[in-house]
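The following exercises ask the reader to work through selected features of a protein model. Each task is followed by a solution in steps.

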Amino acid sequence: MVKSKKEIIHLLEEIATYMELKDENPFKISAFKKAAQSIENDQRSLAEMDDILSLKGIGKTTGQIIQHFLQTGKSPELDQLKKEVPAGLIPLLDVQGLGGKKLARLYHELGVIDRETLLREAQNGHIEALKGFGEKSVQKIMEGVKELGTRPDRYPIDDVLPVAEEIEEYLASIREIKQFHRAGSLRRLRETVRDLDYVIEAEHADQVRASLLQLPLISEVTNAGDTKVSIEVNTSIQIAIDFRIVKPDKFITALHHFTGSKDHNIRMRQIAKDQGEKISEYGVLEANGHTLTFSSEEAFFKHFKLPFIPAELRLDGTEIEKIKTKHDFVSVADIRGDLHMHTTWSDGAYSIQEMIEACIKKGYEYMVITDHGKFLRVANGLNEKRLLEQNQEIKKAAANYPEIDVYAGVEMDILTDATLDFSDEVLQQLDFVIASIHSGFSQTEQEIMKRLETACSNPYVRLIAHPTGRIIGKREPYKVRVKELIKMAKETHTALELNANPKRLDLNAEHLQMAQESGVKLAINTDAHDTTHLDFMDIGARVAVKGWLSKSDIINTMTRKDFKQFLKKK
Ligand code: DGT
Ligand code: CA
Ligand code: CA
Ligand code: ZN
């Protein structure tokens with residue numbers, strides 16, 4: 001059923017796009033865009049909006065469509081539109097530089113209906129000859145088309161996680177499986193993953209194999225051996241999966257082997273060799289010909305006089321030396337609050353109350369609400385008046401929840417001219433100010449660093465959010481010299497954010513280590529735009545382990561009292 005405003009907004013926008021492709025009356029199209037905008041701009045969540053149809057900006061037609069969608073979760077209007085527009089056009093909407101309007105013109109004026117016809121019209125010069133399209137934009141479109149639909153070699157982890165969850169749900173339903181575990185790069189939480197690996201414990205491999213081959217998503221079976229099943233699935237992405245089915249006593253050594261990394265394994269084997277032993281996926285072969293097996297990875301590492309090495313750290317083998325001196329890592333259980341989240345006041349899907357209740361459910365002792373500031377108009381950013389109004393609302397709501405400290409903050413933009421979106425006079429009224437960059441991604445290193453410097457040196461800015469701006473596999477970071485940013489952060493007592501959203505994960509392992517070595521504090525935040533996003537904290541904490549971080553490096557592990565104290569002064 002329809003649970004959030006986002007779904008309605010998406011429906012309205014999708015209808016508008018299809019209407020654009022159909023070259024419908026611009027007034028009709030803009031009615032749908034306006035309706036979407038007015039829902040977006042309302043600061044209540046769907047559950048709190050009993051009068052959604054009477055919102056200004058929602059007319060008779062849009063109102064009926066919304067009402068039907070709310071009641072049934074369906075939209076016959078959209079279904080009809082989909083039938084009227086060539087199916088091959090839709091994937092082209094994802095091409096960089098092509099929106100609904102431009103694509104509509106190519107469709108109507110040149111007969112573009114799919115990838116092939118688009119390429120044809122680009123090559124024969126017809127697109128370039130159209131008004132509003134130049135040589136440059138044709139070039140950009142061609143590049144975008146080439147990227148489209150080609151199966152990448154590696155997938156960003158965020159694309160892979162939902163597939164893994166789907167697979168795991170299936171594995172959990174196979175009765176003959178005693179236990180299973182993620183292995184390979186997914187278990188190590190590499191930023192990109194080539195294929196998924198699972199180690200499965202079972203007495204009878206053939207029964208498990210038969211069940212695996214019945215997985216509904218399979219597009220190809222590449223191997224159905226005795227103990228190894230390899231398939232390819234076709235779901236949100238097309239990706240290969242290796243399953244290893246092993247007997248109970250071999251589970252741990254197989255898990256270690258297939259977790260890798262390859263270089264970690266090579267180094268472990270060297271260590272075994274030095275003590276006259278041999279590691280394989282089946283166990284540890286002692287000099288006397290006896291094979292040892294283990295009941296846990298802890299026991300496995302202990303056999304080599306090593307502390308447990310978290311999978312996230314199994315990298316190039318050097319971790320095996322390093323772990324001997326440093327092995328207390330932050331874990332998600334140490335996190336006592338989330339310091340970056342959005343509500344319906346800007347572009348979040350849930351209200352202040354709903355976010356508070358969701359944070360209480362997570363067991364947090366404190367939280368900061370940080371909606372966007374006015375610069376970010378696309379996200380319905382708050383101007384001074386609304387920001388201070390929200391501040392009051394947050395305080396009012398907070399009074400009803402003694403179990404958690406709810407602080408009022410803001411995610412303020414650092415503008416392209418290296419000024420800030422709000423004056424100090426406004427900022428000083430807030431509990432916690434986050435600054436971040438959402439614009440001018442193509443600026444020079446010098447310009448970017450100047451902006452970050454302004455933010456760090458501001459007496460009210462406590463944290464730089466998503467400090468590199470990258471989207472894994474999709475958008476390069478802006479030109480930030482992280483080392484220099486760390487230095488600025490140190491000098492100005494500004495914290496840096498490990499953004500836990502698996503699309504972002506700003507600050508990689510190397511950056512985190514640099515920050516730790518310089519004594520810069522970090523915050524692991526989810527930047528939640530939805531209550532379910534609060535769960536990103538698990539991934540965030542695991543990325544922190546990749547950076548060898550301890551509890552004391554992270555500000556949101558502070559006790560409730562210490563955090564309150566911390567807020568008083570930069
Ligand atoms: P990926 O799939 O490229 O994202 O990265 P991985 O690490 O998941 O690589 P994958 O799937 O080829 O193999 C899974 C693990 O199995 C790997 O991390 C270590 C182990 N492994 C596979 N092949 C070899 C090998 O030739 N030598 C050693 N030592 N280990 C291997
Ligand atoms: Ca793999
Ligand atoms: Ca593999
Ligand atoms: Zn944010």
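The model is predicted. H256, the subject of the first exercise, is buried, with a relative accessible area of 2%.

**Exercise 1. Place H256 in its helix and describe its surroundings.**

Step 1. The residue belongs to helix α12, which covers residues 251-259.

Step 2. Its relative accessible area of 2% is to be compared with the cut-off for burial, which is under 20%. H256 therefore counts as buried.

Step 3. Apart from neighbours within four places in sequence, the contacts of H256 are H264, N265, M268, E297, F300, F301 and R314.

Step 4. With one of these, H264, the side chain of H256 forms a polar contact of 2.9 Å.

Step 5. Just beyond the helix, the peptide bond from G260 to S261 is cis, with omega near 0 degrees. S261 lies in the loop between α12 and α13 (262-274).

**Exercise 2. Identify the residues that coordinate the zinc ion (ligand 4) and classify the arrangement of the donor atoms.**

Step 1. Coordination is provided by H340 (NE2), H342 (NE2), E411 (OE) and D527 (OD), at 2.0 to 2.2 Å.

Step 2. Along the chain, these donors have the spacing H-x1-H-x68-E-x115-D.

Step 3. A tetrahedral site of four donors requires all angles to lie between 85 and 135 degrees. The 4 donor atoms here subtend angles of 82 to 174 degrees, so the arrangement is irregular.

Step 4. The two histidines, H340 and H342, are both buried. D527 is likewise buried, because its relative accessibility is 6%.

Step 5. D527 is placed in the loop between β17 (522-525) and α22 (537-546). Its phi is near 60 degrees, a positive value in a residue other than glycine.

Step 6. A positive phi also occurs at D23, where the angle is near 65 degrees. D23 is located in the loop between α1 (5-21) and α2, and at 53% relative accessibility D23 is exposed.

**Exercise 3. Describe the protein donors of the calcium ion (ligand 2) and the relation of this ion to the calcium ion (ligand 3).**

Step 1. The protein donors of ligand 2 are D195 (O), D195 (OD) and D197 (OD), which lie 2.1 to 2.5 Å from the ion.

Step 2. Angles among the 6 donor atoms of this calcium ion run from 70 to 166 degrees, and the site is irregular.

Step 3. Ligand 2 and ligand 3, both calcium ions, are separated by 3.6 Å, with D195 coordinating both.

Step 4. D195 and D197 are both buried.

**Exercise 4. Classify the ring pair of F301 and F308 and that of F432 and F563.**

Step 1. The structure contains 12 aromatic pairs. For F301 and F308, the ring centres are 6.0 Å apart and the planes stand at 80 degrees, so the pair is edge-to-face.

Step 2. F301 has a relative accessible area of 0% and is therefore buried, whereas F308, at 29%, is partly exposed.

Step 3. In the pair of F432 and F563, the centres are 6.4 Å apart and the planes are at 50 degrees, so this pair is tilted.

Step 4. This second pair connects distant parts of the chain: F432 belongs to strand β14 (residues 432-436) and F563 to helix α23 (residues 560-568), 131 residues apart. F432 and F563 are both buried.

Step 5. Ring pairs also join F294, F300, F301, F304 and F308 into a cluster.

Step 6. Charged groups lie over rings as well: the charged end of K322 is over the ring of W548, 4.3 Å from its centre, and R462 lies over the face of F566, 4.5 Å from the ring centre.

**Exercise 5. Determine whether S45 is buried or exposed, and state which residues it touches.**

Step 1. S45 is situated in the loop between α2 (26-41) and α3 (60-72).

Step 2. The relative accessibility of S45 is 1%, so S45 counts as buried.

Step 3. Beyond residues up to four places away in sequence, S45 touches K5, T344, A349, Y350, S351 and E354.

Step 4. With E354, the contact includes a polar one between the two side chains, at 2.6 Å.

Step 5. The C-alpha atoms of S45 and T72 are separated by 19 Å, with their positions 27 residues apart along the chain.

Conventions: Residues are numbered from 1 along each chain as its sequence is written. Chains are lettered from A and ligands numbered from 1 in the order in which they are written. Side-chain values use heavy atoms; hydrogens and water are left out. Helices (H or I, at least four residues) and strands (E, at least two) are DSSP runs, numbered from the N terminus. Buried means under 20% relative accessible area, exposed over 50%, partly exposed in between (1.4 Å probe, protein chains only). A polar contact is a pair of N or O atoms within 3.5 Å; within protein, one must be able to donate a hydrogen and the other to accept it, and residues adjacent in sequence count only if both atoms are side-chain atoms. Contact means heavy atoms within 4.5 Å. Donors are N, O and S atoms within 2.8 Å of the metal (3.2 Å for Na, K and Ca); water is not among the atoms, so sites may look incomplete. Four donors count as tetrahedral if all angles lie between 85 and 135 degrees; four count as square planar and six as octahedral if opposite donors are over 155 degrees apart and all others between 65 and 115; anything else is irregular. Rings of Phe, Tyr and Trp (its six-membered ring) pair if their centres lie within 6.5 Å; planes under 30 degrees apart count as stacked, over 60 as edge-to-face and the rest as tilted. A charge sits over a ring if NZ of Lys or CZ of Arg is within 6 Å of the ring centre and within 35 degrees of the ring normal.
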